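Me: Could you take me through this model feature by feature, giving the general idea before the particular case?

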Amino acid sequence: ARRAFSSSEELVLVDRRSSGIAVLTLNRPKALNALSDSLMRALAEKLQQVDADAALKAAVVTGTGKAFAAGADIKEMNSRSSYSDVRHDNMLAALVGGVQHPQAHRGIASQAAKFGQPEIKLGTIPGVGGTQRLIRAIGKSKAMELVLTGEMLSAEEAEKAGLVSRVVPVGTELDAAVAVAQKIAGFSTPVAQLAKECVNASQEMSLAEGLRFERHLFHATWGLEDR
């Protein structure tokens, strides 16, 4: 059973499923789900609601129409006439889509998916760590090429580069992502959170620091009654 309670006019639709999974759908199909300020605020609000719901153990984010998200809303960005406008509106705080988001588990991509950093074609550079996190994901050489050429990676290339973990046939990506989410939701929630925290922290630490951090959280799991 599912409990979907969002109108088609909302920017982010939420489908809470009885299996403990929430599916959040970006809902600006005419704009290819471009990440406007209002869309990002709506997504943040919905994610906070999902996080506060004890019945939900995992979430999947997808998009309506042809694209998951086309990236930043260029029309909205161009409405800022000066550097001071950009700083005042804190424009970059909302731009966490594409291949830049640091905490997302980029698991499933359809065979038709494309990934890239096209900002150079628009006279700007990737924001919100796009020149930094991409290097950690796929290495400096490939990241440099993508950032300087604006070219796109196919789904198969993204999988080979380690940007996604799996490529599935077109039309099956949501079901595949939900299946992964359900599997994760079947395990101990605090243990899954600790495991994810360790993996994410590894991107910001040296190996020695990461091993110490991992050891502390490993020991912490023995205080749980989840084994």
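**Reading the model**

Reply: The protein chain has nine helices and eight strands, and the model is a predicted one. Of its 227 residues, 35% count as buried, and among contacts between residues at least 6 apart in sequence, 63% join residues at least 24 apart.

Me: What is the mean pLDDT of the protein chain, and in which elements is confidence lowest and highest?

Reply: The general idea is that pLDDT gives the predictor's confidence in each residue, from 0 to 100. Here the chain has a mean of 83, with 84% of the residues reaching 70 or more. Confidence is lowest in strand E1 (residues 2-4), where the mean is 48, and highest in H9, where the mean is 96. The pLDDT is below 50 over residues 1-8, a stretch that has 20 contacts in the model beyond near neighbours in sequence. It is also below 50 over residues 90-104, and that stretch has 36 contacts beyond near neighbours in sequence.

Me: Which residues other than glycine have a positive phi, and where are they found?

Reply: As a general matter, most residues other than glycine have a negative phi, and most peptide bonds are trans. In this structure, Leu32 has a phi near 55 degrees, a positive value in a residue other than glycine, and Asn33 likewise has a positive value, near 60 degrees. Leu32 is found in the loop between strand E3 (21-26) and helix H1 (37-52), and the place of Asn33 is also in the loop between E3 and H1.

Me: Is Asn33 buried or exposed, and how does Leu32 count?

Reply: The class follows from the relative accessible area, with buried meaning under 20%, exposed over 50%, and partly exposed in between. Asn33 has a relative accessible area of 0% and is therefore buried, whereas Leu32, at 34%, counts as partly exposed.

Me: How should I read Gly150, and which residues does Gly150 touch?

Reply: One can begin with the place in the chain and then turn to the surroundings. Gly150 lies in the loop between helix H5 (140-149) and strand E7 (152-154), and because its relative accessible area is 0%, Gly150 is buried. Leaving aside residues up to four places away in sequence, Gly150 touches Gln117, Pro118, Ile120, Lys121 and Glu145. Gly150 and Leu122 are 28 residues apart in sequence, and their C-alpha atoms are 9.5 Å apart in space.

Me: What separates the C-alpha atoms of Ala185 and Gly20 in space, and what separates those of Ala192 and Lys57?

Reply: The idea is to set the separation along the chain beside the distance in space. Ala185, found in helix H7 (residues 173-185), is 165 residues along the chain from Gly20, and the two C-alpha atoms are separated by 6.9 Å. Ala185 counts as buried because its relative accessible area is 16%, and, not counting residues up to four places away in sequence, Ala185 touches Ile21, Lys57 and Ala58. Ala192 is placed in helix H8 and is 135 residues from Lys57 in sequence, with 9.7 Å between the C-alpha atoms. At 28% relative accessibility, Ala192 counts as partly exposed.

Me: Which residues line the second largest pocket, and how much space lies in the second largest pocket?

Reply: A pocket can be read through its volume, its lining and the classes of the lining residues. About 180 Å³ of space lies in the second largest pocket, and the lining consists of Ser188, Val191, Leu194, Ala195, Cys198, Glu214, Leu217, Phe218, Thr221, Leu224, Asp226 and Arg227. The elements giving two or more residues to this lining are helix H8 (189-201) and helix H9 (207-221). By class, the lining has seven nonpolar, two polar and three charged residues.

Me: How many aromatic pairs are counted, and which residues form an aromatic pair?

Reply: In general, a pair of aromatic rings is described by the distance of the centres and the angle of the planes. In this structure the count comes to one aromatic pair. Phe218 and Trp222 form an edge-to-face pair, with 6.1 Å centre to centre and 80 degrees between the planes. Phe218, which is also among the residues lining the second largest pocket, is partly exposed because its relative accessible area is 46%.

How values were computed:
Residues numbered from 1 in each chain as written. Predicted model: local features only at pLDDT ≥ 70, side-chain atom pairs only at ≥ 80, totals over all residues. Heavy atoms only, no water. 1 Å grid on protein atoms, 1.4 Å probe; cavity = no way out; pocket = protein on both sides within 12 Å on 5 of 7 lines; lining within 4 Å. Points joined across faces, edges and corners; volume = space filled by probe spheres on them. Helix = DSSP H or I, 4+ residues; strand = E, 2+ residues; numbered from the N terminus. Nonpolar A, V, L, I, M, F, W, Y, C, P; charged D, E, K, R; others polar. Phe/Tyr/Trp six-rings, centres within 6.5 Å; stacked < 30°, edge-to-face > 60°. Buried < 20%, exposed > 50% of the residue type's maximum accessible area, 1.4 Å probe, protein only. Contact = heavy atoms within 4.5 Å.
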